[in-house]
Amino acid sequence: MSSSQTLEKHKYDVVIIGAGGAGLRAAVEAREAGLSVAIVCKSLFGKAHTVMAEGGAAASMGNVNDNDNWMVHFRDTMRGGKFLNHYRMAELHAKEAPDRIWELEMWGALFDRTQEGKISQRNFGGHEYPRLAHVGDRTGLELIRTMQQRIVALQQQDAKEFGDAEKNMKVFAEVTITEILKENGKVSGAYGYRRETGSEVLFEAPAVVIATGGVGKTFKITSNSWEGTGDGHALALKAGANLVDMEFLQFHPTGMVWPLSVKGILVTESVRGEGGILTNSLGERFMFKYIPDVFKDKYADNEAEADRWYLDQDNNRRPPELLPRDEVARAINSEVKAGRGTEHGGVFLDVSKRLSAEVIKKRLPSMWHQFYELAGVDITKEPMEVGPTCHYVMGGVEVEPDSAAAVGVDGLFAAGEVAGGMHGSNRLGGNSLTDLLVFGRRAGKGAAEYVKGHGANPVSESAIEKASAKIEAPFTRTGGENAYTLHQELQEITHNLVGIIRTGAELTEAIAKIADIRKRSANISVTGDRKFNPGFHLAFDLDNMLLVAESTAKSALLREESRGGHTRDDFPGMNSTWRQVNHIASFDGDKVNIKAQALPALPKELFDLFDVHELEKYMTSEEIAKGGSK
Amino acid sequence: MARTLKLRIWRGDDKTGGLQDVTVEANHGEVVLDIIHRVQATQMGDLAVRWNCKAGKCGSCSMEINGKPRLACMTQVAAYPEDETITITPLRAFPVIKDLVTDVSFNFKKAMEIPSLQMPEGLKPGEPRMQQVDVERSQEFRKCIECFLCQNTCHVIRDHEENKKSFAGPRFFIRIAELDMHPLDMLRNRKKTAQEEHGLGLCNITKCCTEVCPEHIKITDNAIIPMKERVADEKYDPIRWLGSKIRRREEVL
């Protein structure tokens, strides 16, 4: 245990946990508002999972089709989320996304261009117009590098002005936060350890922004990097915040399926946006069979029209390969289950017949590279084999949309994938990168305003001792459970029982099994010492994943309908009454509890943006009669 | 399809350490990082290795495999003969923290030394107009995933610790080239400072960096050589530099 004399201590106005797109954007905003900022991340600076985003960032700049505007984007986002989105988040996102993209350009980002020299925009599932700003298929890398370089630029200014680059903003790389500290009911800081040495660190700060990303590593087949262990979700729960709608997980329809080693690695939706088609082992272009009623007027029901759309988007309906992700993932799953899958349990995705080898390599360079190097497949000549992979969690910390403040905990903020509400029951591709920027900025601003109204909130010795004892605990046991084994067992449970298709019986079984692993995890012991010890690190990550899995399974059991990223075999339909319900998960120190809460109703001005006949497909007749809240 | 694989993994820290022999199962299609994870989960719970995406996109799992700087996630086990022992060691140009993890802070210090993008005054968000052909040169360098394999292999620092002070390394030469070729950048003399302050002159274009780049960026041909050539040009012809920037700016505004 660290004695408080030798403990590494830092004081900041705000601590940002996570250095992906949302965390870095929050940091820039807080810094520019005059706050001192600590950026804490588990990996090296610039390695965040944001780099894996491929397709682009959705913003209605209207550079390619000038019919586009925030209202169209808002409508698409709500449709994609099956109207379970928090309307205010979707509204802010649609309105502010263009400014966030243009701002990146001012910080050095180099997006692909249109003929007129504007930022080019590409088609994507669920987006009515070409809307995704992109750089080939490595848009996330461009975003993270631009933000990283923006941080460096601000640090260079501080070096010039104050002789200390880290005076106002410092990156603490390879540090894991194990606890958000509170005193008198308000946030007082964060506690954790340096991965390199295992030594403990205390950050005293009146505001903490959680920007830790997703939960994919809770699942066996995932496109997420190792960091996606739900840390922020669990930290928030333990600090007294709520998680909203954790049953909604996005299974991206196209992950690699072969070889086993690469199973789950993302195949960008841009492949379909650029004209890739999905076929089963019989050679059928099967997506035409899976267009749900709510989308029938927007998607082509025959190949000829779908093909014409690539040349004339104003007079043809879109190909069904570009339906929202939840629809495509379920369709692929059904084809495989019906015995029409490929040898390795996927379906075929082929772009080689529509585009020349040269164009493929230019527009989808990292896909070409990924398949060539990892699977020995040349996508300019042959189809890819793809299948669903756990990609994104729509659920997350319940926040106030305007400030990104976590509901119920003063001084706590959350932005990006870790926050819930924005995407409803299913996220549209491309909305994630702009979500990071829009709400990262708002969290930074929210934290700055909070700090200005609240002074420091000193951390007590007893809080430090408690946090420290928890870190030491796995070293005090010998011959206990192996964290790697428990992690694998958890992944089997979530994959088999809480996956893309769910039933009440399986979810009940999952809840019991997760509780059992949680019990056993209290007895994890670690070999070796504290220095860069992955077994020790996993012990903490696992604790977070267990809380996430429990929240997801319990919320999923209660929601007796199928919607977006939650499909119940025993309740296959979408139900208008359930649309009015958010599930709120909280933690009582022992277990996760779920309660139902009313979804905020669309205000009249947003309600009126839709054709009422479309809303009738989602809402109850009482809601339609009301015509939106005042 | 499983095969038994013999590995020698370097274990230790900055003071002591050595190669340890391990035997482990490998399945069809697996990469070296999969094997390291299996060793971790079953035999060496505390084996230190950095990794994130396991898809060749983040540049975290840089190490030396049979002496060659590589990403472990992009190195197929099948590339090595059945009877060969694969030797895995940490990057040699940087101090070892533990096992396969090295202290790469050198690179973050160098990043801080490169002057940032300087935008034209008065240019507002949404206003820039750039042609695809003009952004492509910088885009090539912005593909960099910061795996630092180029830094590790560059003999200017790999074998000469003393050069680290005055040598930014290939990763940062492409950063300077990227800014220099950025259609909006207004900062003067990037090539000259690359030569005089960041050690471009120490590079004798052996192209080792280009060879190890997992993103296939033509570091030497497209960044280093053009900068070296134009340093000489512009030294004697400042009008030429100004002309190129003014022309670019007019297109932008």
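The following dialogue examines a predicted model of two chains and the criteria behind its description.

Biologist: What conventions apply to numbering and to the predicted model?

Modeller: Residues are numbered from 1 along each chain as its sequence is written, while chains are lettered from A and ligands numbered from 1 in the order in which they are written. As the model is predicted, local features need pLDDT of at least 70 and side-chain atom pairs count only at pLDDT 80 or more, whereas totals for chains, interfaces and linings use all residues.

Biologist: What makes chain A as compact as a globular protein of its length?

Modeller: The radius of gyration is taken over C-alpha atoms, and the globule rule is 2.2 Å times the number of residues to the power 0.38. For the 630 residues of chain A the rule gives 25 Å, and the radius of gyration is 24 Å; the two values are close, so chain A is as compact as a globular protein of that length. The C-alpha trace of chain A spans about 75 × 55 × 55 Å along its principal axes.

Biologist: Which secondary structure elements are assigned to chain A and to chain B?

Modeller: Helices (H or I, at least four residues) and strands (E, at least two) are DSSP runs, numbered from the N terminus. On that basis chain A has 18 helices and 20 strands, and chain B has 10 helices and seven strands. The C-alpha trace of chain B spans about 65 × 40 × 30 Å along its principal axes.

Biologist: What makes strand 8 of chain A mostly covered?

Modeller: A residue is buried if 20 or more other C-beta atoms lie within 10 Å of its own, exposed if 12 or fewer, and partly exposed in between, with C-beta atoms placed from the backbone. Seven of the nine residues of strand 8 (residues 175-183) of chain A are buried, and the strand is therefore mostly covered. Across whole chains, buried residues make up 61% of the 630 residues in chain A and 48% of the 253 residues in chain B.

Biologist: How do you know that strand 8 and strand 9 of chain A pair?

Modeller: Two strands pair if DSSP finds at least two bridges between them. Strand 8 and strand 9 (residues 186-194) of chain A have eight bridges, in the antiparallel sense, so the criterion is satisfied. Lys182(A) has Val187(A) in strand 9 as its bridge partner. The hairpin of these strands has two residues between them, and Asn184(A) there takes a positive phi near 50 degrees.

Biologist: Why do strand 4 and strand 5 of chain A stand at the edges?

Modeller: The open sheet in question has three strands in the order 4-6-5 (chain A), paired antiparallel. Strand 4 (57-58) and strand 5 (121-122) each have a single partner strand, so one side of each lacks a neighbour in the sheet. Strand 4 is joined to strand 6 (residues 132-133) of chain A by two bridges, and Leu132(A) is the bridge partner of Ala58(A).

Biologist: What makes the largest nonpolar core a single set?

Modeller: A nonpolar core is a set of buried Ala, Val, Leu, Ile, Met, Phe, Trp, Tyr and Cys residues joined through C-beta atoms within 7 Å. The largest such core has 264 residues, and those with the most contacts inside it include Val14(A), Phe413(A) and Phe173(B). Helix 15 of chain A gives the most to this core, with 13 residues.

Biologist: Which residues are in contact with Val14(A), leaving aside its neighbours within four places in sequence?

Modeller: Two residues are in contact if their C-beta atoms, placed from the backbone, lie within 7 Å. Among the partners of Val14(A) outside those neighbours are Ala30(A), Leu35(A), Val209(A) and Val451(A).

Biologist: How many residues does each chain give to the contact between chain A and chain B?

Modeller: Chain A gives 48 residues and chain B gives 45. Helix 4 of chain A gives the most to the side of chain A that touches chain B, with eight residues.

Biologist: Which domains does chain B contain, and how far apart are their centres?

Modeller: Domain bounds come from an automatic or database domain assignment. Chain B is divided into domain 1 (3-102) and domain 2 (105-252), whose centres, taken over C-alpha atoms, are separated by 32 Å. Contact between these domains of chain B involves 12 residues of domain 1 and 13 residues of domain 2.
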